[in-house]
Amino acid sequence: MGTKVEEKASKKASTQVLKKAFVTAFPFTIPIFAGFWFLGMTYGIYMNVSGFSFWYPMVMSLTIFAGSVEFVAVNLLLGAFNPLQALAMTLMINARHLFYGISMLDRFRGTGLKKIYLIFGMCDETFSINYTAKIPEDVDRGWFMFFVTLLNHFYWVFGATLGGIFGSLITFSTEGLDFVMTAMFVVIFLEQWLKEERHTSSLLGIGISLLCLIAFGADNFIIPSMIAMLGVLTLLRGGERQKS
C-alpha cells in the first residue's frame, strides 16, 4: 500500500516538474513562433511550387530541422545526385553550430537522455534562448531547455506543413517574408543588451563581425567572425579567471 502511495506521489511530482518547465519555457518561444510560422510557410510554399507534395516539407522539417539547408536541399533534390556536394554544402552552411555546441557543453551537462534531442534540435533561435535565458531556480533546467527545443521544432514543422498543403492556394507575393527572422534576431539581441550589466561581449561581436564583413565579404564572413569571437572571448574569460 505504501509503495503505491509513494509511486503516485512520485508521478505527481514529476508531472508538476514537467508542467512548470513547460509553462516557463513557452513565453520565451512566442517570438520564435511568429518567425518560424511565416518562414516555415515560405519554405513549404517553395517546395510546393517546385513540384513536391506537402509531405516532403513536413518530413524534411521534422528530420533535418535546419532552415537554410532545407531551402538549399530543394535545388539538390531537383539536380543530379551528388552526395559529396550535399555534404560540403551542409557543413559550410551550418558550420556555426560547431561553436554553438562548444558554448553549450556546460549547460547540457547532467541532462541525461534529453541531451540527444537537445543537440539535434539546437537551431540558432533555440541556442539564443537556452544560452541567455535566466531560468528560475525552482524550474528544472534540463526540461526547460527540452521544451524550448521541442516547441521551436514544432513551430517549424507546423509552418512548413501548412505551406506545403496550402501553397497551391496562395496567389499573393511572399517575397520578403524571410526578413522576419532577421527582425527576430535584432529583438533577441536588444533583449540581451538590456539584461547585460556590461556590454563587452555584444560590442565585441558587432565590431568583429563588421571587420570580418569588410575583410571577407558578405558571403564568407560568418565563419571567420565566429572563430574570431570565440578566440577573443576565450582570451578575455581566461584573463578574468586569472585576476579572480
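Buried means under 20% relative accessible area, exposed means over 50%, and partly exposed lies in between. The exercises below apply to a predicted model.

**Exercise 1. Classify Leu 190: is this residue buried, partly exposed or exposed?**

Step 1. Locate the residue. Leu 190 lies in helix α10.

Step 2. Take its value. The relative accessible area of Leu 190 is 45%.

Step 3. Apply the cut-offs. Partly exposed covers the range between 20% and 50%. Leu 190 therefore counts as partly exposed.

**Exercise 2. Find the nonpolar surface patch that includes Leu 190, and say which elements build it.**

Step 1. List the members. They are Val 186, Phe 189, Leu 190, Leu 203, Ile 206, Leu 210 and Leu 213. Together they make a patch of about 580 Å².

Step 2. Assign the elements. Two or more residues each come from α10 (179-195) and α11 (200-216).

Step 3. Find the main contributor. Helix α11 gives the largest share, 4 residues.

**Exercise 3. Describe the make-up of the protein chain: how many helices and how many strands are there?**

Step 1. Count the elements. The chain has 12 helices and 0 strands.

Step 2. Read their order. From the N terminus on, the run is α-α-α-α-α-α-α-α-α-α-α-α.

Step 3. Add the burial. The chain has 244 residues, and 32% of them count as buried.

**Exercise 4. Examine helix α8: how many of its residues are buried?**

Step 1. Set the limits. Helix α8 spans residues 124-132.

Step 2. Count. Of its 9 residues, 7 are buried, and the helix is mostly covered.

Step 3. Name them. The buried residues are Asp 124, Glu 125, Thr 126, Phe 127, Ser 128, Ile 129 and Asn 130.

**Exercise 5. Work out how two helix pairs are arranged: α8 with α9, and α3 with α4.**

Step 1. Recall what is needed. Two packed helices are described by the angle between their axes and the distance between the axes.

Step 2. Take α8 and α9. Their axes come within 10 Å and cross at roughly 155°. Angles over 145 degrees count as roughly antiparallel, so α8 is roughly antiparallel to α9. Their crossing is right-handed.

Step 3. Take α3 (residues 67-78) and α4 (residues 83-93). Their axes come within 10 Å and cross at roughly 160°. These two helices are therefore roughly antiparallel as well. The crossing of α3 and α4 is right-handed.

**Exercise 6. Find the salt bridges: how many are there in the whole structure?**

Step 1. Recall the idea. Side chains of opposite charge can pair when their charged atoms come close.

Step 2. Count. The search finds 2 salt bridges.

Step 3. Take the pair of Lys 20 and Asp 138. Their side chains meet at 2.6 Å, N to O. Lys 20 is in helix α1 (residues 2-49), while Asp 138 is in the loop between α8 and α9 (141-166). The pair links distant parts of the chain, 118 residues apart. Lys 20 is partly exposed, at 39% relative accessibility.

Step 4. Take the pair of Arg 109 and Asp 106. Their closest N and O atoms are 2.8 Å apart. Arg 109 has a relative accessible area of 52%, so it is exposed. Asp 106, at 48%, counts as partly exposed.

**Exercise 7. Place Leu 230: what separates its C-alpha atom from that of Ile 102?**

Step 1. Locate Leu 230. This residue lies in helix α12 (residues 222-243).

Step 2. Classify Leu 230. Its relative accessibility is 30%, so it counts as partly exposed.

Step 3. Compare chain and space. Leu 230 and Ile 102 are 128 residues apart along the chain, and their C-alpha atoms are separated by 9.6 Å.

Note on methods. Residues are numbered from 1 along each chain as its sequence is written. This is a predicted model: local features need pLDDT of at least 70, side-chain atom pairs count only at pLDDT 80 or more; totals for chains, interfaces and linings use all residues. Side-chain values use heavy atoms; hydrogens and water are left out. Patches are made of residues with over 30% relative accessible area and no salt bridge: like charges are joined within 9 Å, nonpolar side chains (Val, Leu, Ile, Met, Phe, Trp, Tyr) within 5 Å. Accessible areas come from the Shrake-Rupley method with a 1.4 Å probe; for residues, only the protein chains shown count as cover. A salt bridge is a side-chain nitrogen of Lys or Arg within 4 Å of a carboxyl oxygen of Asp or Glu. Buried means under 20% relative accessible area, exposed over 50%, partly exposed in between (1.4 Å probe, protein chains only). Axes are lines fitted to C-alpha atoms, for helices over the stretch in contact, and angles run from 0 to 180 degrees between N-to-C directions. Angles under 35 degrees count as roughly parallel, over 145 as roughly antiparallel, 65 to 115 as roughly perpendicular and the rest as oblique. A crossing is left-handed if the near helix is turned anticlockwise from the far one by less than a right angle, and right-handed if clockwise.
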